[in-house]
Amino acid sequence: MANSMRPMRSLEDRSRRLRRRFTEEKLVKIRTEHNNVGLFRTLLAAFLILAQLAIIVGLSFLPALVLRWYLLVLVIISLISALSVLSSHRNNQAKAVWVLFILVFFFGGFVIYFMSNDKYMYAGARRRHRRIHERSKHFLPEHTAVNATEEMRQTCTYLQNAGGFASYNNTELEYFPSGAQLFDEVIDCLKTAQSFVFIEYYAIADGVLLNRIWDVLKEKALSGVDVRIIYDDVGSRAFSHKMRREMRSCGAQVRVFSRLLSRFTFAMNYRDHRKIIVIDGKIAFTGGSNIADEYINEKHMHGYWKDTGLKMRGEAVDSMTLFFLRQWEFITNEKFDYSPYFGHYEKISSPYVAVPYVGGPEYKLTVCKSVFESVISSARSKLYIMTPYFIPDDSVVQSLINKALSGVDVRIILPSVPDKYYVYLVTRDNAEKLIKYGVKIYYLRDSFVHSKLIMTESCAVVGTVNFDMRSFYQQFENAVLTDDQSVVAEICEDFERTFPDCDNPVKASKNGLVRTVAVALLRLVSPLM
């Protein structure tokens, strides 16, 4: 125990030294390499999307200049579309935004709405997901773990019925309170790889961390290890073509999820935000950290970067393997035999429950949001949350208020340094509105919080899911729910070490007129943030 506490103390001391240094240097920001290339691709994609939107709206609006009666037709169609929105299964905030948009831009807003409706535009992709899931569901056991508490058993049953997610005993979890510690362990474990390495990440960027990982993977790929990498085209703008070409030339298979430069479709808004590493089917990793230098504080883009991660050994690793293989098949559109990749996990005895799960457009239900709501509901004495963004919908906000009013110690840690200022405005406004109900809000000084954690006195969730509607409704996410008391205790200790380094406002800050108007306007588009 003494040996394990020394790295924790050294990490805590290092974190405090870094934060002091950032304060003295006034948070000098260093741009990530290749950022100019990523910016150019983003601007080019935005231009092409806007051009296609202009064509779509123009084709709808131009006839109205010639045929006056066509205006009446547009108004009628817009009203019908607004009624369609109100009767849909979207969340109420998104409904309000779309109704306003359709009625204001009656000459073409309904076209954009129907193009964004995943019921129509993502139907084909969802059918493909369903076929892949049906063909591979036998790789996961259909049971819930034993020795679970009543609250955990209910959530496990929900996850089994909602997405076929198995709950396991006999799984060992290890929590990492920083990205640097997480990736040190990842690299050590990669050196042991003998058969396959699967990597699926939202953001991969050239730099020190990727070079350290590739130095190991290159040797493995050249020796015949099956190395597969999935990266998201939006998140990985700094993942250079040169590096990808080198990886492929050494035998690694590298695939992109949803190219940024493509024809206009709102499916482009569905990003692969997952973080998964599987090594030989024996070890798996997940958490908030991406493969980029800022996540290990090698570069300081937004002050000290606070992130977390989780290592997994035992039966539950098979679930992580399956999540990756399903996404790989969806991207490549190639059927293959999954069976060689299962059943390699180490035999571990543990009474605690671990449930890896994913969420995204391939599921009709909002799995990630529902798990958060279940965890919130189960809290009896404490409810701690750490998240970079806080833009939940009304039902989640009401659940937090109810818990605080019932005497539960509800605390939320947010960044004090924003990465996206427009999102940060809404995040702070949403969070500080909860103060009057007894929720305690903390801002980690001189830092950007990227951790995605929620815990109670009895369970915790670690993964990629933010407290925002993009994670709840639009993005491909993954996480692990567990009642492992050693992990819950370590996460709680991480929170307790972090609270003293935070500012804790006792009341909401007052907004000026300009900021009030800005927040009100941003709130209109908050369902897309």
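Author: Two strands pair if DSSP finds at least two bridges between them; strands (E, at least two residues) and helices (H or I, at least four) are DSSP runs numbered from the N terminus. This is a predicted model, with pLDDT of at least 70 needed for local features and 80 or more for side-chain atom pairs, while totals for chains, interfaces and linings use all residues. Residues count from 1 along each chain as its sequence is written, and side-chain values use heavy atoms, leaving out hydrogens and water.

Reader: Let's start with the open sheet of seven strands: which strands stand at its edges?

Author: The pairing in this sheet is mixed, and its order runs 1-8-6-5-2-3-4. An edge strand has a single partner, so one side of it is left without a neighbour in the sheet. Here that goes for strand 1 (171–176) and strand 4 (253–257).

Reader: Inside that sheet, what stands opposite valine 197 in strand 5?

Author: Look at strand 2 (residues 196–201) running against strand 5 (residues 275–279): they pair in the antiparallel sense over five bridges. Facing valine 197 from strand 5 is isoleucine 279.

Reader: Moving on to strand 9, how many of its six residues are buried?

Author: Buried here means under 20% relative accessible area (exposed is over 50%, partly exposed in between; 1.4 Å probe, protein chains only). Ala354, Pro356 and Val358 point one way from the strand, Val355, Tyr357 and Gly359 point the other, and all are buried. Strand 9 (residues 354–359) is therefore largely enclosed by the rest of the structure, its buried count being six of six.

Reader: And in strand 18, which residue is the bridge partner of valine 358?

Author: Strand 18 covers residues 477–482 and pairs with strand 9 in the antiparallel sense, over six bridges. Go to valine 358 and look across to strand 18, and you land on asparagine 478.

Reader: Now lysine 369: buried or exposed?

Author: You'll find this lysine in helix 13, which spans residues 367–378. The relative accessible area of lysine 369 is 10%, so it counts as buried.

Reader: Which residues does lysine 369 contact, leaving aside its neighbours within four places in sequence?

Author: Contact means heavy atoms within 4.5 Å. With those close sequence neighbours set aside, lysine 369 touches Asp393, Ser395, Val396, Phe472 and Tyr473.

Reader: One more helix: which residues of helix 4 are buried?

Author: Helix 4 runs over residues 92–104, so to speak 13 residues in all. Its list of buried residues includes a lysine, Lys95, and a tryptophan, Trp98. In full, the buried set is Gln93, Ala94, Lys95, Trp98, Val99 and Ile102.

Technical notes. Axes are lines fitted to C-alpha atoms, for helices over the stretch in contact, and angles run from 0 to 180 degrees between N-to-C directions. The expected span of a helix is 1.5 Å times one less than its number of residues.
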